[in-house]
2 protein chains.
Amino acid sequence: MLRTPRPTMRDVAERLGVSVSAVSIALSERKGVSDELRERVRRTARAMGYVPDQAAVSLRTRRSRVMGLLIRNLQNPFFLDVVEGFDRECSAAGYQAMTSSARYEPRHERELLDAFAARGVDALAVAPIGPGRAVRSWARRTGKPVVVLNGSRAVVDSMHSLRIDGPQAVRLAVRHLAGLGHRRIALLTAPAATSPDPERLAAFTELMTERRLEPLVIESALTAHAAEAVLRAELRRPRAYRPTAIVTNSDWIAYAVYAAARAEGLRVPVDLSVVGHDDLPTSALTDPPLTTLRADRLGLGRRAARILIDSLDGPDGTPVRELLPVELVERASTAPPG
Amino acid sequence: MLRTPRPTMRDVAERLGVSVSAVSIALSERKGVSDELRERVRRTARAMGYVPDQAAVSLRTRRSRVMGLLIRNLQNPFFLDVVEGFDRECSAAGYQAMTSSARYEPRHERELLDAFAARGVDALAVAPIGPGRAVRSWARRTGKPVVVLNGSRAVVDSMHSLRIDGPQAVRLAVRHLAGLGHRRIALLTAPAATSPDPERLAAFTELMTERRLEPLVIESALTAHAAEAVLRAELRRPRAYRPTAIVTNSDWIAYAVYAAARAEGLRVPVDLSVVGHDDLPTSALTDPPLTTLRADRLGLGRRAARILIDSLDGPDGTPVRELLPVELVERASTAPPG
DNA sequence: TTGTAAGCGTTATCAG
DNA sequence: CTGATAACGCTTACAA
């Protein structure tokens, strides 16, 4: 195959008999070249199939036009829409998104952070695994804008923060279940070290205690596989001890609760009520349809990108702190305890 | 904030009182420097938090260590696992994956192709929207390895090709439904211009005709939203005309069929049987559980990455052509016609 | 309005 | 084994 090497700016300049800098200027928005030349340059550049080499541009300008997006775990479809929203907003603004999953491995998270730094992403959105020390350190080292997604309150610093209102979600869930007559309600949560959101747990115990209910806490790594195993063990306990309702932090994990209940011969909602979180498109179609807390996933991604773009444009001062609302969607996975 | 600029190779060299090239060699695998110096260099580089600037490395070496992954539409959770598999294999081999969604817009696909070229990705995996002319041209222009995912047979050329066996999937579905007694079976497919997979349609009409059944073809853009609208119209037709079963090309779209059926007051499978494709994790949990064709999504992503990595390592000759098997998973969304 | 030249941080070639 | 030196393709003062 005759592999013609990509034309460079010099090739374009030579073809037109002008200097490289003239081409550079003509191709950019800057003025310093006649309209006529600019037009000619653009035309031939396009005709030759010239595309500027981003590596060279990045090296020279110290901007890569890449936005990093670092996700805890891309298995959860929740993040699909976050990625989508982020990507759309970025590409509309002329940036390309680079998304990676830390797979719930702190070590891999660190590696990716380094990779993003090495690649010189212009800014970073990150849903950290744990309390987010690594992320804070990244922000300090690079001096680049960072927005933390669904991080714990403690993580924030000089970084932007964008969170879905987890505590409120838990309260809505508990009130709903308590209203149905549940007393032994369990919160399914990640082990403290990897939990990005201790506030959820705090809100849970506080409200449960206040209402004189029995707060149960089930700790599990938040992969579908791990959660299902832990839950099966939990659901095998005698009826009087096991929870009559479970509150999860994602629909994705709620599905694992369904699977565990099914495997243990328990019926939802008769034997066990389940509350999800996110309102994935599939959650209206499951058997039974899932009661959950709706959150604007696409909007989360979009907003994250927007915040970064804005703080790249005008490096104004104060970090953004935003809390996105949630809304209870009652379906058939919750009912009075059987 | 005291934003210390990232240390460069020169900083490391100066700190040690050696030349830049000594540091470069020491930090690479190449020999040409004493073991003792290499060790010292590595230590101080790490201590200083030195990370090589990828823009500079790329510019110099003409390799970016980035693998592009271009997806038709990232809304479909099918691709989540493909992305995951691709990403894992890449990062294990020291590459970083850069994933983008064309959102079913040919124009955006072209833009992304250009962006990937400009960024100098080392290789590209792509699930093209239509017949894939743009992709073929990309492969020729760049001379980089390309693997086409689930493209039509025609797309392949000097590119690698990795496909889930669509025709076989359709045949398994039709046989299953015919066995249940269905005669008016519809295939839901993308409009020809954007269909990457005309072979599915061909296999469908061929088998239906052979069995003297009535092949119905429903064309729709393959977003959940568009499909639901088209299907509602279809299902409103008089009972004698509308299909008793629908074969889709993804579980994701099968869910849209569920939604459309529900909206039109039809029951699955009593009034309408549905066959999906992919066996998403959620498909066992829907109401009713979805009969579908299982495919190894993670494996698809992994294999794609592997093929690219291999052809980067040893640029041996012949393009890979692989067909991944599918397997019918019978659940409750299919039954004899009511 | 246009051209010249320096330099971004690396790697690679070639002397010492 | 080590150290200058020249690219890689681009942007941007600055000079013409």
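How many residues of chain A are in contact with chain B? In this predicted model, 41 residues of chain A touch 41 residues of chain B.

Let's start with that meeting place. On the chain A side, the elements giving two or more residues are helices and a strand, listed here:

| Element of chain A | Residues |
|---|---|
| α4 | 54–61 |
| α5 | 78–92 |
| β2 | 96–101 |
| α6 | 106–119 |
| α11 | 251–263 |

By type, the chain A side splits into 19 nonpolar, 14 polar and eight charged residues.

Now for how the two chains are arranged. Turn chain A by 180 degrees, with 0.0 Å of shift along the axis, and it lands on chain B with an RMSD of 0.1 Å. That's the relation of a two-fold axis. The residue of chain A that comes closest to this rotation axis is T286(A), with its C-alpha at 1.9 Å. As for the interface, 100% of its residues in chain A are interface residues in chain B too, so the copies meet through the same surface.

Within chain A, there are three domains: domain 1 (9–52), domain 2 (64–164 + 296–326) and domain 3 (166–295). The C-alpha centres of domain 1 and domain 3 of chain A are 61 Å apart.

Finally, a look at a helix pair. The axes of α2 (residues 20–27) and α3 (residues 35–48) of chain A come within 9 Å and cross at roughly 90 degrees, so α2(A) and α3(A) are roughly perpendicular to each other. From α2(A), the contact uses A22(A), V23(A), A26(A) and L27(A), while α3(A) brings L37(A), R38(A), V41(A), R42(A) and A45(A). Sorted by type, this contact has seven nonpolar residues, no polar ones and two charged.

Definitions and conventions: Residues numbered from 1 in each chain as written. Chains lettered and ligands numbered in written order. Predicted model: local features only at pLDDT ≥ 70, side-chain atom pairs only at ≥ 80, totals over all residues. Domains from an automatic or database assignment. Contact = placed C-beta atoms within 7 Å. Helix = DSSP H or I, 4+ residues; strand = E, 2+ residues; numbered from the N terminus. Nonpolar A, V, L, I, M, F, W, Y, C, P; charged D, E, K, R; others polar. Axes fitted to C-alpha atoms, helices over the stretch in contact; angles between N-to-C directions. Parallel < 35°, antiparallel > 145°, perpendicular 65-115°, else oblique. Least-squares fit on C-alpha atoms with pLDDT ≥ 70 in both.
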